[in-house]
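Biologist: I would like to learn how to read a structure of this kind, feature by feature. Please take me through it.

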Amino acid sequence: MEEGTPACKPDSNLVWAILVTTLCCMPLGVVAIVKAASVDSLWAAGSYAEARKAAQDAGKWAAVSAICGLVIVLCYMLYMMTIIAIAALHA
Amino acid sequence: MKPTNISDPAIRKRLIVSAGVLLALGLLALYALFDPGTSILAPKCPFKLLTGFDCPACGSQRTLHALLRGQWLAAFRYNPFLLLSVPYLLLVAYTTWSGGGRAARWKGRVQHPKVVLTYLALLVGWWIVRNTPLWQ
């Protein structure tokens, strides 16, 4: 691992973590918020690699959460549209 | 006259921003016209579909619809937690992406682990309470 203080603190991805939790309503976003919240303290403690890892994990969980939410919503919409189409055909 | 070139980053950025604004306006119009509470085509919450319980964000679309129609009390009833989460989200986005010195000064406070974890605790608390008879 690298020595000394790296140039800049990683973006904790907190924005995305909060966004998926408040908009995509996926519980996985909670994990992302916890990870993002730990970035600053890890960085302050000098654990740069861990801080970067936490920031990356936060981004990853936020992405997984958003994708899960999107897939479920799309499946649901497809399901509803199929039902509407079938109902229209039988009308 | 300079020819318009889509590979020019400045022009591309402007195109993306315009597309985003148009999309947002279109969505606002849709949410003003149609009631997401009764329309079967409105996206449903994945958590609610899978578990039957409300998630912390459930009611956001109905809140938006009510806000666009000036029904303030109904908007508050559907999801009062948005009053906390939307401003907080905007603050976090501002302190993350705005380059200014003020944003940098505020970032330490807005994104302090204690503040974030307090927000998280409130979110989980609201999540639980809204699924109990306490909130009906």
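Modeller: What follows goes from whole chains to a shared core and then to single residues. Keep in mind that this is a predicted model.

Biologist: Let us begin with the secondary structure. How many helices and strands are there in chain A, and how many in chain B?

Modeller: Chain A has 3 helices and 0 strands, and its elements run α-α-α from the N terminus on. Chain B has 7 helices and 0 strands; along the sequence its pattern is α-α-α-α-α-α-α.

Biologist: What does the radius of gyration of chain B say against the globule rule?

Modeller: The general idea is to set the value beside the one the rule gives for that number of residues. For the 136 residues of chain B the rule gives 14 Å, and the radius of gyration is 19 Å, so chain B is more spread out than a compact globule. The C-alpha atoms of chain B fill a box of roughly 65 × 40 × 30 Å along the principal axes. For chain A, a compact globule of 91 residues would have a radius of gyration near 12 Å, whereas chain A has 19 Å. The C-alpha trace of chain A spans about 70 × 20 × 15 Å along its principal axes.

Biologist: What share of the residues is buried in chain A, and what share in chain B?

Modeller: A residue counts as buried when its relative accessible area is under 20%. Buried residues make up 37% of the 91 residues in chain A. In chain B, 29% of the 136 residues count as buried. As for the surface, chain A has about 5,100 Å² accessible, with 72% of that belonging to carbon and sulfur atoms. Chain B exposes about 9,100 Å², and carbon and sulfur atoms supply 71% of it.

Biologist: And what share of the contacts in each chain joins residues at least 24 apart?

Modeller: Here the pool is contacts between residues at least 6 apart in sequence. In chain A, 64% of these join residues at least 24 apart; in chain B, the figure is 47%.

Biologist: Which residues touch the most other members of the largest nonpolar core?

Modeller: That core has 29 residues, and those touching the most other members are Leu14(A), Ile18(A), Ile33(A), Cys55(B), Tyr88(B), Val92(B) and Tyr119(B). The elements giving two or more residues to this core are helices H1 (14–23), H2 (28–44) and H3 (48–90) of chain A, together with helices H5 (82–97) and H7 (113–129) of chain B. H7(B) gives the most, with 6 residues. Apart from this core lies another, of 6 residues, among them Val39(A), Trp43(A), Ala54(A) and Ala55(A).

Biologist: Let us look at one member. What does Ile33(A) touch, leaving out residues up to four places away in sequence?

Modeller: On the chain A side, Ile33(A) touches Leu14(A), Ala17(A), Ile18(A) and Thr21(A). On the chain B side, Ile33(A) touches Val116(B), Tyr119(B) and Leu120(B).

Biologist: Why does Val116(B) count as buried?

Modeller: Val116(B) counts as buried because its relative accessibility is 1%. Val116(B) is found in helix H7 of chain B. Beyond its neighbours within four places in sequence, Val116(B) is in contact with Leu14(A), Ile33(A), Ala37(A), Tyr88(B) and Gln111(B).

Biologist: Now for chain B alone. Where is Gly59(B), and where is Thr63(B)?

Modeller: Gly59(B) is in the loop between helix H2 (46–51) and H3 of chain B, while Thr63(B) is in helix H3 (residues 60–68). Gly59(B) is buried, with a relative accessible area of 8%; for Thr63(B), also buried, the value is 6%. Not counting residues up to four places away, Gly59(B) touches Tyr78(B) and Asn79(B). With the same kind of neighbours left aside, Thr63(B) is in contact with Ala75(B), Tyr78(B), Asn79(B) and Leu82(B). The C-alpha atoms of Gly59(B) and Leu82(B) are separated by 9.2 Å, with the two residues 23 apart along the chain.

Biologist: One last feature, the backbone. What is phi of Asn13(A) near?

Modeller: Most residues other than glycine have a negative phi. Phi of Asn13(A) is near 65°, a positive value in a residue other than glycine. Asn13(A) lies in the segment before H1 of chain A, and at 17% relative accessibility Asn13(A) counts as buried.

Note on methods: Residues are numbered from 1 along each chain as its sequence is written. Chains are lettered from A and ligands numbered from 1 in the order in which they are written. This is a predicted model: local features need pLDDT of at least 70, side-chain atom pairs count only at pLDDT 80 or more; totals for chains, interfaces and linings use all residues. Side-chain values use heavy atoms; hydrogens and water are left out. Helices (H or I, at least four residues) and strands (E, at least two) are DSSP runs, numbered from the N terminus. The radius of gyration is taken over C-alpha atoms; the globule rule is 2.2 Å times the number of residues to the power 0.38. Buried means under 20% relative accessible area, exposed over 50%, partly exposed in between (1.4 Å probe, protein chains only). Contact means heavy atoms within 4.5 Å. Accessible areas come from the Shrake-Rupley method with a 1.4 Å probe; for residues, only the protein chains shown count as cover. A nonpolar core is a set of buried Ala, Val, Leu, Ile, Met, Phe, Trp, Tyr and Cys residues joined through side-chain atoms within 4.5 Å.
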